[in-house]
Amino acid sequence: MVQPIVVAHDLTKIYGDGDTATEALSGVTFTIDPGEFVVLLGPSGSGKTTLLNQIGALEPATSGSLTVNGVEIAGMSDEDRTEFRRSTVGFVFQFYNLVPTLTAHENVALIAEITGDDAEARSDCKLEEVGLTDRAGHFPGQMSGGQQQRVAVARGIVKDPPLLLCDEPTGALDLETGRTILDLLKSTTQGEDRTVFLVTHNSTIAEMADRVIRLRDGRIVGDDVNLAPTPAAELRW
Ligand SMILES: Nc1ncnc2c1ncn2[C@@H]1O[C@H](COP(=O)(O)OP(=O)(O)O)[C@@H](O)[C@H]1O
Ligand SMILES: [Mg+2]
């Protein structure tokens, strides 16, 4: 039997306390197998980013259990969570979050350095994989949004993490550019045991997923396998 990449059981996250407490996640339970392209779909404020940040070990849980790549992370110390992130997850964000004073190559190499040798060569290799070799020396401000997001994808996979977490990665892009980024993200699951967990409020994007988990008011309200995902190039929104 394959070991699941993510197992959440009765996971709850409450921000603040007393009168200002917000229950962002309420008793969330699900399992994700490796190699799936999973979309987490829900309206604004439903808890998508909170759940992604939980899986990425950016914040401690309030209660419940969360196992990622075989490691229980819900109650981990800050230091252990940092170490866990380093080895296990890559991130892609809506607004790219590149370092503006570093070139594309340097942005990717910076993360490659954290995880071993040959950072320069691995950065070049990933930039080639996302089709940006000719922009390696450019700064983020000299690139289009789509190109910056390609750099961010290269950075997200340069550690070869088993899990790539993407928070509204096409939210700032036009339709055509968004499709090419989705296609690229999907291709990163192929031929490798990488799982992509993509958060969006856009139900059209869910059509390309292998699996769609629906979230509303911090609760899972749907969980469906998609046996015939639509290719990214055919999505219309
Ligand atoms: N750091 C935080 N402090 C307090 N409340 C938060 C924080 N982050 C998120 N929330 C609240 O948790 C709920 C879910 O937010 P979020 O996960 O960002 O939703 P989504 O990504 O689906 O738009 C919202 O009510 C939001 O206001
Ligand atoms: Mg969000």
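Which helix lies across strand 6 and strand 7? Helix 5 (residues 145-157) does, running at about 170 degrees to strand 6. The notes below take this predicted model sheet by sheet, then turn to the ligand and a few single residues.

1. **The six-stranded sheet.** Six strands make an open sheet with mixed pairing, in the order 6-7-8-3-9-10. Strand 6 (89-92) and strand 10 (219-225) are its edges. Each of these two has a single partner strand, so one side of each lacks a neighbour in the sheet. From one strand to the next, the twist averages 20 degrees.

2. **Strand 3 and strand 8.** Strand 3 (residues 37-41) and strand 8 (residues 195-200) run parallel. Five bridges join them. To find the pair by eye, start at Val39, which stands opposite Leu198 in strand 8.

3. **Helix 1 on the sheet.** Helix 1 packs on this sheet and touches strand 3, strand 7 (163-167), strand 8 and strand 9 (211-216). The direction of helix 1 makes about 155 degrees with that of strand 8.

4. **Strand 9 and strand 10.** These two pair in the antiparallel sense, over six bridges. Ile213 faces its opposite number, Asp223, in strand 10. The strands form a hairpin with two residues between them. Asp217 sits in the turn and has a positive phi of about 50 degrees.

5. **The four-stranded sheet.** A further open sheet has four strands in the order 2-1-4-5, with antiparallel pairing. Strand 2 and strand 5 (71-72) stand at the edges. Each has a single partner strand, so one side of each is left without a neighbour in the sheet.

6. **Pairs within the four-stranded sheet.** Strand 1 (residues 6-15) and strand 2 are antiparallel and share seven bridges. Val7 stands opposite Thr31 in strand 2. Six residues lie between the strands of this hairpin, where Gly16 takes a positive phi near 70 degrees. Strand 4 (residues 63-68) and strand 5 also pair in the antiparallel sense, over two bridges. Val71 in strand 5 is the bridge partner of Val68.

7. **The shell around ligand 1.** Which residues surround ligand 1? They are Tyr15, Gly16, Thr22, Ala24, Gly42, Ser44, Gly45, Ser46, Gly47, Lys48, Thr49 and Thr50. Two elements give two or more residues each: strand 2 (22-32) and helix 1 (48-55). Helix 1 gives the most, with three residues. By class, the shell has nine polar, two nonpolar and one charged residues. Gly16, from the hairpin of strand 1 and strand 2, is among the residues of this shell. Helix 1 thus appears twice in these notes: in the shell around ligand 1 and packed on the six-stranded sheet.

8. **The core.** The largest nonpolar core has 63 residues. Those with the most contacts inside it are Val38, Val39, Leu40, Val108, Ala154, Leu165 and Phe197. In soluble globular proteins, nonpolar side chains tend to be buried together. Val39 is also the residue opposite Leu198. Leaving aside residues up to four places away in sequence, Ala154 touches Val108, Lys126, Leu127, Glu129, Val130 and Leu132.

9. **Ala57.** Is this residue buried or exposed? Ala57 counts as buried, because 24 C-beta neighbours lie inside 10 Å and the cut-off for buried is 20 or more. Its place is in the loop between helix 1 and strand 4. Phi of Ala57 is positive, near 60 degrees, in a residue other than glycine. The backbone here merits a look on screen.

10. **Asp160.** This residue lies in the loop between helix 5 and strand 7. Asp160 is not a glycine, yet has a positive phi of about 50 degrees. Asp160 counts as partly exposed, because it has 13 C-beta neighbours inside 10 Å, and the partly exposed class lies between 12 and 20.

11. **Glu120.** Glu120 is found in helix 4 (residues 119-129). With 14 other C-beta atoms within 10 Å, Glu120 is partly exposed. Glu120 and Ala232 are 112 residues apart along the chain, and their C-alpha atoms are separated by 31 Å.

Notes: Residues numbered from 1 in each chain as written. Chains lettered and ligands numbered in written order. Predicted model: local features only at pLDDT ≥ 70, side-chain atom pairs only at ≥ 80, totals over all residues. Near = placed C-beta within 6 Å. Nonpolar A, V, L, I, M, F, W, Y, C, P; charged D, E, K, R; others polar. Pairing = 2+ DSSP bridges. Axes fitted to C-alpha atoms, helices over the stretch in contact; angles between N-to-C directions. Contact = placed C-beta atoms within 7 Å. Core = buried A, V, L, I, M, F, W, Y, C linked by C-beta atoms within 7 Å.
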